[in-house]
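Let's take a friendly walk through this structure, looking at how some of its helices pack and where its pockets lie. Keep the 3D view open as you read.

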Amino acid sequence: MQKDTKKLIFDTFIELLSQKPFDKITVKDIVETCDINRNTFYYYYSDIYDLLEEVFTNEFDELMEAHKNGGSWLEAFIKIANTAYSHKRIVYNICSSRSYDYFENYMYKSCKHIMVDFVQYAAKGMSVPDEDIEFLASFYEYAFLGIISEWFRTGMREDPVYLASQLWLVADNIRLSLRKSERRARSKIENGNTL
């Protein structure tokens with residue numbers, strides 16, 4: 001029964017989110033739609049932001065589960081973009097609210113994890129300094145986040161496949177940068193250079 005009530009609250013929130021901006025949804029809206037009392041809502045969630053966090057956590061966990069099977073950062077992007085595109089109205093209602101920073105935090109968390117894993121994987125077998133791996137992961141993380149954030153803010157006009165094809169143009173740059181870092185590290189050792 002408890003699991004069903006929590007799912008009802010969660011599903012109702014998603015339904016309301018498909019109808020109006022996040023900052024226009026209240027606990028009152030949720031409890032009235034669910035036909036439960038406020039105490040029941042607060043038994044499961046501390047507030048509406050806690051509920052929004054669960055939405056993002058569920059999506060993040062699903063994305064990480066798919067990603068851990070060895071997918072590339074481009075595949076992860078396509079998954080994020082397709083999920084967002086299929087829930088365009090919900091994403092729009094989050095992006096158009098004053099609580100967009102919650103969504104951006106979720107995206108940051110997703111991008112960081114994906115890019116760090118990908119750069120570390122791409123650097124396997126190479127002699128690349130850890131600080132270069134960190135820098136490259138951060139660089140591509142922010143590039144990835146900037147592109148997808150702008151796509152969300154402008155109403156996701158481009159098809160996810162088209163957007164991914166644009167990102168594909170730079171996909172090999174990570175490996176090229178790692179090779180460059182490896183050469184620089186080798187040169188430092190051999191020549192005592194600082195560059």
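We can begin with a pair of helices: helix 8 and helix 10 pack with their axes 11 Å apart, at an angle of about 155°. Angles over 145 degrees count as roughly antiparallel, so helix 8 is roughly antiparallel to helix 10. Their crossing is right-handed. On the helix 8 side, the contact is made by D132, I133, L136 and Y140, while helix 10 brings N173, I174, S177, L178, S181 and R184. By character, the residues of this contact of helix 8 with helix 10 divide into five nonpolar, three polar and two charged. Bear in mind as you look that the model is a predicted one.

Stay with these two helices for a moment, and turn to the second largest pocket. Which helices each supply at least two residues of its lining? They are helix 8, spanning 130-153, and helix 10, spanning 173-191. The pocket has a volume of about 170 Å³, and the residues to pick out around it are D132, F135, L136, S177, K180, S181 and R184. Helix 10 gives the most to this lining, with four residues. The lining of the second largest pocket divides into two nonpolar, two polar and three charged residues. If D132 sounds familiar, it is because this residue of helix 8 is part of the contact with helix 10 and also lines the second largest pocket.

Helix 10 has another packing partner to look at. The axes of helix 7 and helix 10 come within 10 Å and cross at roughly 55°, which makes helix 7 oblique to helix 10. This crossing, too, is right-handed. Here M115, F118, V119 and A122 in helix 7 meet I174, R175 and L178 in helix 10. The contact of helix 7 with helix 10 comprises six nonpolar residues, no polar ones and one charged. I174 and L178 of helix 10 take part in this contact with helix 7, and they are also among the residues that helix 10 brings to helix 8.

Helix 7 now leads us to the largest pocket, which has a volume of about 360 Å³. Of the 19 residues that line the largest pocket, V55, E59, T83, H87 and Y106 are the closest to its centre. Several elements give two or more residues to this lining: helix 1 (2-17), helix 4 (48-67), helix 5 (73-86), helix 6 (88-95) and helix 7 (100-122). Which helix gives the most to the lining of the largest pocket? That is helix 4, with five residues. As for character, the lining of the largest pocket divides into 14 nonpolar, three polar and two charged residues.

How values were computed:
Residues are numbered from 1 along each chain as its sequence is written. This is a predicted model: local features need pLDDT of at least 70, side-chain atom pairs count only at pLDDT 80 or more; totals for chains, interfaces and linings use all residues. Side-chain values use heavy atoms; hydrogens and water are left out. On a 1 Å grid over the protein atoms alone, a cavity is a set of points where a 1.4 Å probe fits but cannot get out, and a pocket is an open set with protein on both sides within 12 Å along at least five of seven lines; lining residues have an atom within 4 Å of a point. Grid points are joined across faces, edges and corners, and a volume is the space filled by probe spheres set on the points. Ala, Val, Leu, Ile, Met, Phe, Trp, Tyr, Cys and Pro count as nonpolar, Asp, Glu, Lys and Arg as charged, and the others, Gly among them, as polar. Axes are lines fitted to C-alpha atoms, for helices over the stretch in contact, and angles run from 0 to 180 degrees between N-to-C directions. Angles under 35 degrees count as roughly parallel, over 145 as roughly antiparallel, 65 to 115 as roughly perpendicular and the rest as oblique. A crossing is left-handed if the near helix is turned anticlockwise from the far one by less than a right angle, and right-handed if clockwise. Contact means heavy atoms within 4.5 Å.
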